Amino acid sequence: MTDTRVRAYRIISALAAVAAATVTVAVVHDTQSVAVAGESCAATVDLALPEEAGQVRLRVLNGTRTAGLAERVSADFANRGFVTQRPAKSKSKVDQVAVIEFGPESVGAAQWIRAFFLGQAEPRFDPARTTDVIDVVIGGRYRQLATQTEVNQSLAQLGEPALPPGTCASS
């Protein structure tokens with residue numbers, strides 16, 4: 001063999017040794033405690049959007065000082081085919097358009113309800129919630145529910161429902 005070939009083999013061997021050492025150090029000093037794929041689930045959630053409004057159960061709460069607001073919004077949802085429970089007054093005042101409170105059984109449905117507020121309602125996920133009823137707390141910045149065309153456009157902008165942190169999608 002020529003000196004040039006010997007020198008090339010030595011350089012390639014040295015580079016391979018450095019690469020192996022770098023990989024070994026990276027694996028040994030890895031600080032990631034749990035692999036992403038093996039992340040544990042606090043709750044299994046339903047991301048599916050409902051087929052029809054009758055599959056969604058709502059309770060509208062008035063988070064403002066405007067009398068009768070929850071009743072009006074609840075009637076609007078009922079007129080659109082949603083199953084509504086008796087409206088009530090919220091314990092806290094809300095200064096935004098609305099707050100949507102939901103649990104694992106209604107993640108997809110909550111995304112649909114958010115579209116009725118053109119994505120301006122704040123979603124609040126509670127993994128301990130055991131019911132499929134979605135609470136809609138109407139706030140001081142609420143004006144009206146979106147039209148069906150606006151809801152469709154808002155759904156397209158919002159995209160698919162995302163998994164809340166620490167949850168897994170149901171099969």
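A salt bridge is a side-chain nitrogen of Lys or Arg within 4 Å of a carboxyl oxygen of Asp or Glu. The model is predicted, so local features need pLDDT of at least 70 and side-chain atom pairs count only at pLDDT 80 or more, while totals for chains, interfaces and linings use all residues. Residues are numbered from 1 along each chain as its sequence is written, and side-chain values use heavy atoms, with hydrogens and water left out.

**Exercise 1.** Find which residues are linked with Asp135 in a network of salt bridges.

*Solution.*
1. Asp135 pairs with Arg59, and their closest N and O atoms are 2.7 Å apart.
2. This pair links distant parts of the chain, with Asp135 in strand S7 and Arg59 in strand S2, 76 residues apart. Strands are DSSP runs of E with at least two residues, helices are runs of H or I with at least four, and both are numbered from the N terminus.
3. Asp135 also meets the side chain of Arg129 in a salt bridge (2.9 Å, N to O).
4. The network therefore consists of Arg59, Arg129 and Asp135.

**Exercise 2.** Classify Asp135, Arg129 and Arg59 as buried, partly exposed or exposed.

*Solution.*
1. Buried means under 20% relative accessible area, exposed over 50%, and partly exposed in between (1.4 Å probe, protein chains only).
2. Asp135 has a relative accessible area of 4%, so Asp135 is buried.
3. Arg129 is buried at 16%.
4. Arg59, with 29%, is partly exposed.

**Exercise 3.** Determine which parts of the chain the salt bridge between Asp132 and Arg57 ties together.

*Solution.*
1. The two side chains meet at 3.0 Å, N to O.
2. Asp132 lies in the loop between S6 and S7 and Arg57 in strand S2, so the pair ties together parts that are 75 residues apart in sequence.
3. Asp132 is partly exposed at 28% relative accessibility, and Arg57 is partly exposed at 34%.

**Exercise 4.** Describe the largest nonpolar core and the place of Ile113 in it.

*Solution.*
1. A nonpolar core is a set of buried Ala, Val, Leu, Ile, Met, Phe, Trp, Tyr and Cys residues joined through side-chain atoms within 4.5 Å.
2. The largest such core has 31 residues, and Ile113 is among those with the most contacts inside it.
3. Helix H3 (107–115) is one of the elements that supply at least two residues of this core; the largest share, six residues, comes from H3.
4. Beyond its neighbours within four places in sequence, Ile113 is in contact (heavy atoms within 4.5 Å) with residues including Phe77, Phe82 and Ile134.
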